[in-house]
Amino acid sequence: MDRRTMNQMLAAAALAPLAASAQPSFPTRPIRIVVAYPAGGASDFIARMVGDRLSKTLGQPVVVDNRTGASGALGVSEVAKAPPDGYTLGVTLGDSLINNVALFKALPYDPQRDLALMTQAVFSPALISANTDLPVKNIAELRQYAAQHKGQLSYGSWGIGSLGHIAGEALSQRLGASMVHIPQRGEGPVLQDLLSKTISLGLSSAGLAKQHVLAGKITPLAILGRERSKALPGVPTLREQGIDDPIFDAAVWICFIAPGKTPQPVLQKLIQEIRTILALPDVDAAVVDRGLEVMATTPVQFRTSYRGEFDIITRRIREIGIEPQ
């Protein structure tokens with residue numbers, strides 16, 4: 001190596017730290033969190049609670065932007081198409097990343113290609129409830145009643161192709177009940193149908209149903225998931241009651257996502273900050289009070305869980321015969 005080349009290398013090495021220090025650190029401007037569901041819901045609650053604390057730790061404003069429609073597809077699509085620079089994040093439900101793949105003929109994003117799965121922030125165990133006129137207190141009694149009233153029962157869910165719809169149909173098939181599905185635009189209307197006794201059974205989040213359960217206005221029958229809900233610890237899971245279909249192990253989870261090609265250092269910083277916020281005692285308390293439970297998964301845990309649920313749920317949608325729109 002000649003002296004000139006050596007001098008050039010030494011000069012470059014000396015300037016490298018200066019160049020690195022001259023580059024602005026992330027973030028240098030406001031961050032936007034696109035929420036794929038309406039204001040006031042659980043997704044919006046999580047986005048605003050985390051966003052408020054994230055703005056303090058990062059030293060930049062965090063703006064929550066609700067972009068709703070098409071079962072979450074509009075908001076998720078906006079995140080997928082945003083510049084991959086860390087300044088646009090998304091908060092959505094698992095339904096928009098899994099169920100929508102099987103429900104839309106032309107979904108404007110591929111969750112596994114166009115998005116970075118950051119963390120599953122929280123989950124909400126789903127509850128199967130009955131109206132109080134139905135003379136059942138558990139799944140065994142429901143099975144017996146359904147055998148005597150085949151085709152006469154109905155169940156409500158928060159939408160066609162939702163986890164509530166799929167689980168409700170799977171339960172109907174398991175019991176041989178031939179129940180009629182009554183879809184709604186959200187879990188709130190499902191509970192109203194239960195309270196007015198226009199449906200036999202309803203699927204909703206345990207947290208939202210809790211007040212009606214404690215007031216004796218609806219009858220809790222079972223929790224979806226492998227473990228009981230902290231919101232309603234006295235209600236057994238379907239698995240505990242002898243029904244072990246994998247679809248009943250699923251829960252409604254809320255996650256953070258980013259555009260697929262967001263640089264890893266930026267992603268890692270954001271994920272670390274978000275998971276740290278979710279671990280704070282006051283955040284955990286607020287989450288539990290809302291009937292939710294903290295997950296705060298790593299990206300690896302998120303991807304593993306996602307792949308497992310994707311296969312189970314999309315296969316079940318095809319088996320049920322729900323046609324893509």
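## A tour from the pockets to the cores

Start with helix α13 (299-320): it supplies five residues to the lining of the second largest pocket, the largest share of any element. This is a predicted model, in which local features need pLDDT of at least 70, side-chain atom pairs count only at pLDDT 80 or more, and totals for chains, interfaces and linings use all residues. Residues are numbered from 1 along each chain as its sequence is written, and side-chain values use heavy atoms, with hydrogens and water left out.

Helices here are DSSP runs of H or I with at least four residues, strands are runs of E with at least two, and both are numbered from the N terminus. A pocket is found on a 1 Å grid over the protein atoms alone: it is an open set of points where a 1.4 Å probe fits, with protein on both sides within 12 Å along at least five of seven lines, and its lining residues have an atom within 4 Å of a point.

**Stop 1: the second largest pocket.** Select Asp249, Ala250, Ala251, Met295 and Glu309, which lie nearest the centre among the 22 lining residues. Along with α13, β4 (115-124) gives two or more residues to this lining. The space comes to about 410 Å³, where a volume is what is filled by probe spheres set on the points, joined across faces, edges and corners. By class, the lining has 11 nonpolar, five polar and six charged residues; Ala, Val, Leu, Ile, Met, Phe, Trp, Tyr, Cys and Pro count as nonpolar, Asp, Glu, Lys and Arg as charged, and the others, Gly among them, as polar.

**Stop 2: the largest pocket.** Now pick Tyr37, Leu93, Trp158, Gly186 and Glu187, nearest the centre of a lining of 38 residues. About 950 Å³ of space lies here. α5 (99-103) is among the elements supplying at least two lining residues, as are α2 (42-58) and β8; α5 gives the most, with three. Colour by class and you get 15 nonpolar, 19 polar and four charged residues.

**Stop 3: Ser204.** Stay with β8 (residues 201-205) and click on Ser204. At 1% relative accessibility it counts as buried (under 20% relative accessible area; over 50% is exposed and in between is partly exposed, with a 1.4 Å probe and protein chains only). Beyond its neighbours within four places in sequence, Ser204 has contacts (heavy atoms within 4.5 Å) that include Trp158 and Glu187, both of which also turned up near the centre of the largest pocket.

**Stop 4: Met49.** Jump to helix α2 and find Met49. Met49 is buried too, with a relative accessible area of 9%. Skipping neighbours within four places in sequence, Met49 is in contact with Val283, Ala286 and Val287.

**Stop 5: helix α8.** Show residues 163-175: the end C-alpha atoms are 18 Å apart, which agrees with the 18 Å expected of 13 residues at 1.5 Å a residue (1.5 Å times one less than the number of residues). In this helix 11 of the 13 residues are buried, so α8 is largely enclosed by the rest of the structure. Just after α8 comes Gly176, with a positive phi near 65°.

**Stop 6: the cores.** A nonpolar core is a set of buried Ala, Val, Leu, Ile, Met, Phe, Trp, Tyr and Cys residues joined through side-chain atoms within 4.5 Å. In the largest, with 90 residues, Leu142 is one of those touching the most other members. Beyond residues up to four places away, Leu142 touches Leu171 and Leu175, among others; both are buried residues of α8.
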